[in-house]
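Biologist: Before I rely on any label attached to this structure, I should like to hear the reasoning behind it. Please set each value against its criterion as we proceed.

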Amino acid sequence: WLYEHAKQMLKINDNIFRELSIETLRGRMRLGIPSEFASVLLPSIIGEFSQRYPDVSLDVTSALSKHLLSNAQQNKFDLILALLHPTQTPHHESLEILREDELVWVGDKNRNLPTKNLPLVLAPEDCIYRSRVISQLKQQTHAWKINYTNPDFYGLMAAIKQGLGITALAKSIVPDELEIIRDKRLPNLGSINICLLNQDTQHPQVSQTLANYIRARIAVN
């Protein structure tokens with residue numbers, strides 16, 4: 001009886017400390033994230049995180065990875081989720097590779113690829129997906145053209161649903177509305193590294209907690 005009672009008291013004690021840590025976790029967190037990850041990952045992360053830590057203010061900016069990691073922008077964020085080529089050397093020692101992910105072709109489930117001129121829907125120049133797609137397509141003989149360019153993921157999805165073309169994404173974040181396309185005209189796109197840069201010094205506990213949420217989501221997607 002005494003042993004069981006002691007275990008129950010320890011459990012209550014742990015819950016008290018957990019609640020105290022939740023109540024005292026506060027601050028402003030500036031997160032930089034590519035728009036496709038913001039669209040797919042953030043709805044689940046933000047809802048759970050904000051409910052558990054209501055005193056933490058989240059300031060989220062969506063942009064291309066190259067811009068987020070640029071010298072001009074990098075210091076504006078506490079946490080940055082970004083994409084890097086597997087052969088690219090991280091320029092920041094704190095940049096953590098969360099996973100290596102396959103790049104895949106994606107399009108509308110209800111549309112077939114045209115037989116001529118492969119239509120593309122892409123983000124602007126400096127996008128890591130765009131550069132990989134064009135690089136690989138130039139190495140084969142099938143005709144292709146860029147029908148639509150937009151930096152916003154929702155804009156690209158709308159264009160795909162309207163039949164303007166196909167695009168490329170990291171396999172782990174392909175939304176339910178799109179499907180992975182396998183076609184002999186489409187070259188293999190290789191892989192990409194999904195990375196996280198944690199550089200917050202003002203609120204390290206908040207930064208680390210949000211980083212853990214992101215790690216968990218990236219690991220299971």
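**Salt bridges, buried faces and ring pairs**

Modeller: This is a predicted model. In it, the side chains of K66 and D126 meet in a salt bridge, with 3.3 Å from N to O.

Biologist: What makes the contact of K66 and D126 a salt bridge?

Modeller: The criterion asks for a side-chain nitrogen of Lys or Arg within 4 Å of a carboxyl oxygen of Asp or Glu. The N to O distance for K66 and D126 is 3.3 Å, so the pair satisfies the limit of 4 Å. By this rule the count comes to eleven salt bridges.

Biologist: Why is the pair K66 and D126 said to tie together parts that are apart in sequence?

Modeller: K66 belongs to helix α4 (residues 65-68), whereas D126 sits in the loop between β5 (118-122) and α5 (128-137); the two parts are therefore 60 residues apart in sequence.

Biologist: Why is K66 called exposed, and why is D126 called partly exposed?

Modeller: Exposed requires over 50% relative accessible area, and under 20% counts as buried. K66 has 53% and is thus exposed. D126 has 42% and is partly exposed, because partly exposed covers the range in between. D126 also has a positive phi of about 85°, although it is not a glycine.

Biologist: Which other residue that is not a glycine has a positive phi, of about 50°?

Modeller: That residue is N117, in the loop between β4 and β5. Its relative accessible area of 37% makes N117 partly exposed.

Biologist: How do you know that R182 and E102 form a salt bridge?

Modeller: Their closest N and O atoms are 3.8 Å apart, and the limit is 4 Å, so the pair qualifies. The pair links distant parts of the chain, 80 residues apart: R182 is in the loop between β8 (178-180) and β9 (191-198), and E102 is in strand β4 (residues 95-108). R182 is exposed at 60% relative accessible area, while E102 is partly exposed at 32%.

Biologist: What makes D108 buried although its side chain takes part in a salt bridge with R111?

Modeller: The relative accessible area of D108 is 8%, and buried means under 20%, so the label applies. R111, its partner at 3.3 Å from N to O, is partly exposed with 43%. Elsewhere, salt bridges that share partners join E102, K171 and R182 into one network.

Biologist: Which residues of helix α3 are buried, and how do you know that they lie on the same side?

Modeller: In α3 (residues 42-52), the buried residues are L42, I45 and F49. They cover an arc of only 70° around the axis, and therefore lie on the same side of α3. An α-helix has 3.6 residues a turn, so residues three or four places apart point the same way. The face turned away from the buried side carries the exposed residues P43 and Q51. The cover over the buried residues of α3 includes β1 (27-33), α2 (35-40), β2 (56-62) and α7 (204-220).

Biologist: Why is the ring pair of F49 and Y53 called tilted?

Modeller: The ring centres are 5.0 Å apart and the planes stand at 50°. Centres must lie within 6.5 Å for a pair; planes under 30 degrees apart count as stacked and over 60 as edge-to-face, so the rest are tilted. The angle of 50° therefore makes F49 and Y53 a tilted pair. F49 is buried at 0% relative accessible area, and Y53 is buried at 8%.

Biologist: What makes the pair of Y53 and Y213 edge-to-face?

Modeller: The planes of Y53 and Y213 are at 80°, with 6.4 Å from centre to centre; the angle cut-off for edge-to-face is over 60 degrees and the distance limit is 6.5 Å, so both conditions are met. This pair links distant parts of the chain, 160 residues apart: Y53 is in the loop between α3 and β2, and Y213 is in helix α7. Ring pairs link F49, Y53 and Y213 into a cluster.

Biologist: How many residues of the chain reach a pLDDT of 70 or more, as a percentage?

Modeller: The figure is 88%, and the mean pLDDT of the chain is 86. Over residues 12-22, however, the pLDDT is below 50. Where pLDDT is low, the predicted coordinates should not be read in detail.

Notes. Residues are numbered from 1 along each chain as its sequence is written. Side-chain values use heavy atoms; hydrogens and water are left out. pLDDT is the predictor's confidence in each residue, from 0 to 100. Contact means heavy atoms within 4.5 Å. Buried means under 20% relative accessible area, exposed over 50%, partly exposed in between (1.4 Å probe, protein chains only). Helices (H or I, at least four residues) and strands (E, at least two) are DSSP runs, numbered from the N terminus. The arc is that of the directions from the helix axis to the C-beta atoms. Rings of Phe, Tyr and Trp (its six-membered ring) pair if their centres lie within 6.5 Å; planes under 30 degrees apart count as stacked, over 60 as edge-to-face and the rest as tilted.
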